[in-house]
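Reader: Hello! Could you take me through one part of this model closely, starting with how its strands pair and then moving on to what packs and bonds around them? Please give me the cut-offs as you go.

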Amino acid sequence: MLLSFLVAGVAFAQNNTNSPYSRYGYGQLADLGASNSKAMGGVAYGLRDKAHTNFANPASYTAIDSLTFIFEAGLSLQNTNFDNGTIKTNAKNTSFDYISMHFRVGTKFGMSLGLLPYANVGYDMSNETKDATDKEKTYVTNYFGDGGLHQAYVGLAYKVNRKLSIGANVSYIWGDVNHAMMQTFPYNTDAYGVMKREHVGINSVKFDLGAQYSHQFGKKDFVTIGAVFSPGYNLTNTTYIQDILGNSSAIINGSTAGMTVKETDLDVKSGIPMSFGLGLAYIRDGRLTVGMDLTYQLWSKVSFMGNEDAFVDRTKISLGVEYLPDPIGRSILKRIKYRAGAYYNAPYYKLDGVRASKEWGVSAGFSVPVLRSRSYINISGQYARVNGQAANFIHENQLRVNIGITFNERWFYKTRVN
């Protein structure tokens with residue numbers, strides 16, 4: 001059997017992935033973090049940054065002052081090399097990352113709203129199998145899919161006291177996930193081929209709860225502990241399976257004329273997991289920030305299309321650092337924020353009863369202040385390595401550039417005229 005994979009849309013695609021691992025479940029989960037977090041290896045739960053929105057932990061919304069309005073947006077450019085030990089290929093993607101707004105509501109409340117990706121699906125690969133009795137004859141099995149899930153959120157945080165803040169995000173999560181399998185006989189286009197399509201449409205609600213506790217040591221040292229909890233439950237969904245039978249040439253060309261098409265609506269469960277996040281951030285003199293995050297998601301308890309054994313639990317560990325030479329320096333060079341980080345991720349994909357892959361990555365970046373304002377342009381780069389957990393699994397090398405812009409302005413003040 002020869003494994004090959006064809007990249008759908010060799011030029012730029014808009015689904016942010018061409019990974020064969022997005023074949024499983026909802027696909028490739030999106031990184032939940034703004035530009036500063038992406039540059040720090042994904043660290044977010046303990047961050048309380050007055051210049052950025054941290055939607056990964058809604059308790060952080062109380063960090064800004066009552067005169068500040070923050071608007072942020074980001075996008076990513078990605079190049080991925082795929083290798084299974086026999087064949088190598090390459091794919092490029094560009095995608096929207098997030099858009100968010102952040103402001104205070106009164107003296108003790110902070111609020112944020114925005115639009116984020118949740119998961120992305122995009123793959124096109126094939127298996128070519130030779131006939132056992134006639135090596136000149138082969139049949140081809142193609143696997144392809146597209147779609148993804150998105151979430152629009154509204155978050156509110158309350159500052160309990162000088163040290164403790166709590167918050168919550170309520171998100172509307174929606175999208176379509178499409179997986180398909182097609183088996184054809186190229187040596188005999190009149191032979192019958194088959195195609196099976198699986199569709200899951202999601203329209204549901206998601207909740208995230210967060211807390212942050214900060215403590216000052218001496219005059220210059222702060223430590224913040226952050227925690228996030230998301231309950232797991234079944235999502236409102238519309239699911240169907242479509243079975244198509246017809247001659248191979250028609251199926252290959254995408255025609256359904258003269259074919260037998262059977263569509264079956266399913267009343268099945270598809271859910272999201274109970275998730276836990278814990279983070280720690282240390283700040284020295286407003287210049288140096290060091291953070292660490294741990295994420296654990298109980299995907300093994302989640303059903304997908306009625307399959308209660310579809311996934312394995314997901315774990316992610318992130319480490320990151322940020323350095324600001326001089327917070328009040330007059331030179332732009334002294335006010336550039338430099339960042340670096342690393343992470344390890346054990347994804348939720350499951351294949352043949354075991355975890356399909358593991359992933360690690362490193363990142364680095366900086367934020368450049370915009371002249372005569374409090375806004376920033378954020379740029380970071382990331383290298384990620386995805387290792388398949390069996391000899392014939394696919395390995396990925398990803399190079400990603402994240403570009404974000406942060407508008408940080410004073411909107412809520414009265415101008416005094418003498």
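Author: S7 and S8 pair in the antiparallel sense over 20 bridges. Here two strands count as paired if DSSP finds at least two bridges between them, and the elements are DSSP runs numbered from the N terminus, with at least two residues (E) for a strand and at least four (H or I) for a helix. In this pairing, Met182 has Met195 of S8 as its bridge partner. On the S6 side, S7 again runs antiparallel, with 20 bridges joining S6 and S7. One of the matched pairs there is Lys159 with Ser165 of S7. S6 and S7 make a hairpin, and four residues lie between them.

A word on the source. This is a predicted model, in which local features need pLDDT of at least 70 and side-chain atom pairs count only at pLDDT 80 or more, while totals for chains, interfaces and linings use all residues. Residues are numbered from 1 along each chain as its sequence is written, and side-chain values use heavy atoms, with hydrogens and water left out.

Now to the packing. The largest nonpolar core has 33 residues, and Tyr21, Tyr26, Tyr118 and Trp299 are the ones that touch the most other members. Strands S5 (109–130), S6 (138–159), S7 (164–184) and S8 (192–217) each give this core at least two residues. The largest share, five residues, is from S5. By nonpolar core I mean a set of buried Ala, Val, Leu, Ile, Met, Phe, Trp, Tyr and Cys residues joined through side-chain atoms within 4.5 Å. Buried stands for under 20% relative accessible area, exposed for over 50%, and partly exposed for anything in between, using a 1.4 Å probe and protein chains only.

Tyr26 is a good residue to zoom in on. Leaving aside neighbours within four places in sequence, Tyr26 is in contact with Ala119, Asn120, Val121, Leu149, Val177, Leu235, Ser270, Gly271, Trp299, Phe304 and Tyr348; contact means heavy atoms within 4.5 Å. Another core lies apart from the 33-residue one: it has seven residues, among them Tyr61, Tyr98, Leu116 and Ala157.

Further along the chain there is more strand pairing to look at. S16 and S17 run antiparallel and are joined by nine bridges, with Thr315 matched to Ala346 in S17. S17 also pairs with strand S20 (residues 357–369), again in the antiparallel sense and over nine bridges. In that pairing, Tyr344 stands opposite Trp360 of S20.

These strands also carry charged side chains. The model has seven salt bridges, each being a side-chain nitrogen of Lys or Arg within 4 Å of a carboxyl oxygen of Asp or Glu. One of them joins Lys316 and Asp31, at 3.7 Å from N to O. Lys316 sits in strand S16 (residues 314–323) and Asp31 in the loop between strand S2 (28–29) and helix H1 (35–39), so this pair links parts of the chain 285 residues apart. Lys316 counts as buried because its relative accessibility is 13%, whereas Asp31, at 38%, counts as partly exposed.

A second salt bridge connects Lys337 and Asp49, whose closest N and O atoms are 4.0 Å apart. Lys337 belongs to strand S17 (residues 337–346) and Asp49 to the loop between H1 and strand S3 (68–83), so the pair ties together parts that are 288 residues apart in sequence. Both Lys337 and Asp49 are buried.

A third salt bridge is between Arg287 and Asp285, with 3.8 Å between the closest N and O atoms. Arg287 is partly exposed at 31% relative accessibility, and Asp285 is partly exposed at 33%. The loop between strand S14 (275–284) and strand S15 (288–297) holds Asp285, whose phi is near 60°, a positive value in a residue other than glycine. Asp352 is also a non-glycine residue with positive phi, about 55°. Asp352 is found in the loop between strand S18 (350–351) and strand S19 (354–355), and at 71% relative accessibility Asp352 counts as exposed.

One polar detail rounds this off. Asn93, in strand S4 (residues 88–105), is buried with a relative accessible area of 1%. The side chain of Asn93 makes a polar contact with the side chain of Asn18 at 2.8 Å. A polar contact is a pair of N or O atoms within 3.5 Å; within protein, one must be able to donate a hydrogen and the other to accept it, and residues adjacent in sequence count only if both atoms are side-chain atoms.
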